[in-house]
Every structure is written in structure tokens, then in C-alpha cells.
Amino acid sequence: MVDIYTLTLAPSLDSATLTPQIYPEGKLRCSSPVFEPGGGGINVARAITFLGGRACAIFPAGGATGEHLVALLADEHVPVITVEAKDWTRQNLHVHVQSSGEQYRFVMPGAAVTENEFRQLEEKVLQIPAGSLLVISGSLPPGIGSQRLVQLIRAAQKNGIRCIVDSSGEALAAALETGNIELVKPNQKELSALLQRELTKPDDVRKAAQEIIASGKAQRVVVSLGPQGALGVDAHGVVQVVPPPMKSQSTVGAGDSMVGAMTLKLAQHASLQDMVRFGVAAGSAATINQGTRLCSLENTQAIYDYLSHH
């Protein structure tokens, strides 16, 4: 089994609460908050842990919120490697409104990462054993441009570390320019932005994904298509996986669950089909849960078994 690590440059401490209804000016009485770890790579590591695998999360942690985040991950038995940051780890707020069923997600900017802190994170990354998988996921914090991300990926690849990138916009485009990325998971909108053209016809998505593979930018492209599942492409073929129809409670955590599940399969040397199936199963499993919860092994396994037999 290949070792898995994740890197989160903009981690967060997420608090979720319920309020009967939302309106301006008044005091909105809320339920006791539930605190959860947050940030792309951290959630990927958690999803892998929930699915019975093991992944170590690397991230900067600052102040009391950073300590709380580290403690929550210890409770979930997710191993961590942290760099102490001057800025406090950000805190996000998820509010579920009971009367309407609506969810509001207040996302704060990531804590700034200084040049020195970034260098320390880079050192931790470069100590990862060669051949390991490194999932770089989430947004870039203030103070860190996509050029720094590219330098980090290049240095990691030179050390024989296989990089998976789950980001969007400029960071994703820059990461792909380095080439030889193990896996990327854009949605249709992100894929269209990457290739700077509209993807309107049914076959456009497949062709676009194949272009990224052919150019050597990535070895595997899995395009998430929401309720339509996902389309996976590598140098050898194309796989489309459509999930069973289910009532979605919340799409929060679906993307990270999907990346976690696919990374776990990649670490087990599974086929493209198997990887995409398990990814779609985990993503769908996350949507069954209300609020911000990730996939559970039980639900993921049940959907995966269904997909394997239909």
C-alpha cells in the first residue's frame, strides 16, 4: 500500500449551527455549535480515514483555533504534521435554517502564510518518502501565489512524490503546467475554464479531458458531473459512472470525499474504472448526510457494490 499525505495551505476550523429562521437586525438564536476540521486536504485525509485507509495531513496551524483544529483531528485518529503559524487559523461558519432548510456558508479568507512558514511546509513535504501520493487540495492563502505552488510541486516530483491536485482557477491551471500530475478532478465549469472554451456538446467533456492527458499535463482526469456522476479518462480509456438516484441533503464534502476515495484506490493500484466507481460512491455517500459531514464507509461500500453490479 502506497503512503498518502495531504497538503492544505488554507485550513479552517468549521463551526456548524442551526437557527429557526434568518432575518436582519434581530438576534438569531442558534443551537450549540458543532466544530469540525475544514480545508481541502484535511477533509481528503479525513475521508480516507473514514474509508478505512490512512493519510497524514500537513498544514499550518496558528493560535487557539489552530490548536482546536489539531485536537479535533486527533479525536478522529487522523495523523498530522503541522507548522506553527503566526496568523490564527481561520474559522468558518455553516448555518442551517430550520424553517426553510437552506444552508448558509460563511467562508473567511485563509490565514496569511509567511514566506518562512511556507518554506517550513515545503521542508515537511520534501521529507515524504519517494513513491508516496501527495494530495494538494483547497485554496491558496493570502501571500502565496500560484508560482510558489508550482515550485513546490516541481520539487516534490523531483523527489519522486506523486502529486494529485484538487484546486480551481489559476492554481489548478498553474499546477497542470508543471505536467505529470497523477490525478485532477475538475467539474465541467473548471474544465471549460482550463481550456478556455465552452463545452456544450455531450462529447466535448471527454475530448477536453483527453486533451489534458495527451498534453502530458495529467495522467488521469476525472470530471465530476454532479448528479450525473463522473467521467474518468486516462491514456488507456474512458469510463463513465452514474450514481443511483438518491435524495441529496447537502453537497458539502462531496468533492473531498470523492478525491479521498479515488486516492485510496490509486494507492491500492486499482483500475481507472474501480477508482472512478469508488470516488462516485463516496461523493454520493457524502450527499446523503445533512450538514458538513463526509462519506461513511458503510454508505460508500453499499453504493460501490451497487455500481459494481449494475
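The points below are notes on a predicted model, moving from the whole chain to single strands, helices and residues.

1. Overall form. The secondary structure of this chain comes to ten helices and 13 strands. Its radius of gyration is 19 Å, close to the 19 Å that the globule rule gives for 310 residues, so the chain is as compact as a globular protein of that length. Taken along the principal axes, the box that the C-alpha atoms fill is roughly 55 × 45 × 40 Å.

2. Burial and contacts across the chain. Of the 310 residues, 52% are buried, and the accessible surface comes to about 14100 Å², with 51% of that area belonging to carbon and sulfur atoms. If one takes the contacts between residues at least 6 apart in sequence, 65% of them join residues at least 24 apart.

3. Strand E1. Strand E1, residues 4-7, is covered on both faces, with Ile4 and Thr6 buried on one side and Tyr5 and Leu7 buried on the other. In a regular strand the side chains alternate between the two faces of the sheet. E1 pairs in the parallel sense with strand E8 (residues 133-137) over four bridges, and also in the parallel sense with strand E4 (residues 56-62), here over three bridges. Threonine 6 can serve as a landmark when inspecting this part of the sheet: its bridge partner in E8 is valine 135, while its bridge partner in E4 is alanine 57.

4. Strand E2. Six of the eight residues of E2 are buried, so this strand is largely enclosed by the rest of the structure. E2 is joined to E3 by five bridges, and these two strands run antiparallel, with aspartate 14 standing opposite glutamate 36 of E3. E2 is also joined to strand E6 (residues 90-97), by eight bridges and with the two strands running parallel; in that pairing, threonine 19 stands opposite valine 97 of E6.

5. The loop after E2. Isoleucine 22 belongs to the loop that connects strand E2 (12-19) with strand E3 (34-38). With a relative accessible area of 34%, isoleucine 22 is partly exposed, and together with Tyr23 and Leu28 it makes a nonpolar surface patch of about 240 Å².

6. Helix H1. Helix H1, residues 40-50, is mostly covered, since ten of its eleven residues count as buried, that is, under 20% relative accessible area. The buried set runs from Gly40, Gly41 and Ile42 through Asn43, Val44, Ala45, Arg46 and Ala47 to Ile48 and Thr49, and it includes Arg46 and Asn43 alongside residues such as Val44 and Ile48. These buried residues pack against E1, E3, E4 and E8, and also against helix H2 (63-75) and helix H8 (254-267). Just after H1, glycine 52 takes a positive phi of about 90°.

7. The loop after E8. Glycine 138 is found in the loop between E8 and helix H4 (146-158), and at 26% relative accessibility it counts as partly exposed. Once residues up to four places away in sequence are set aside, glycine 138 touches Gly40, Asp166 and Ser167, and Gly40 is one of the buried residues of H1. Isoleucine 42, which is also among the buried residues of H1, is 96 residues from glycine 138 in sequence, yet the two C-alpha atoms are 9.1 Å apart in space.

8. Two acidic residues in helices. Glutamate 177 is found in helix H5 (residues 169-178), whereas aspartate 274 lies in helix H9 (residues 272-288). Glutamate 177 is exposed, with a relative accessible area of 53%, whereas aspartate 274 is buried, with a relative accessible area of 17%. Leaving aside neighbours within four places in sequence, glutamate 177 is in contact with Arg154 and Lys217, and the C-alpha atoms of glutamate 177 and lysine 217 are 6.3 Å apart although the two residues are 40 apart in sequence. On the same basis, with neighbours within four places in sequence left out, aspartate 274 is in contact with Lys265 and Tyr304.

Technical notes. Residues numbered from 1 in each chain as written. Predicted model: local features only at pLDDT ≥ 70, side-chain atom pairs only at ≥ 80, totals over all residues. Heavy atoms only, no water. Patch = residues over 30% accessible without salt bridge, like charges linked within 9 Å, V, L, I, M, F, W, Y side chains within 5 Å. Areas by Shrake-Rupley, 256 points an atom, 1.4 Å probe, with all protein chains shown as cover. Salt bridge = Lys/Arg side-chain N within 4 Å of Asp/Glu carboxyl O. Buried < 20%, exposed > 50% of the residue type's maximum accessible area, 1.4 Å probe, protein only. Rg over C-alpha atoms; globule rule 2.2 N^0.38 Å. Contact = heavy atoms within 4.5 Å. Pairing = 2+ DSSP bridges.
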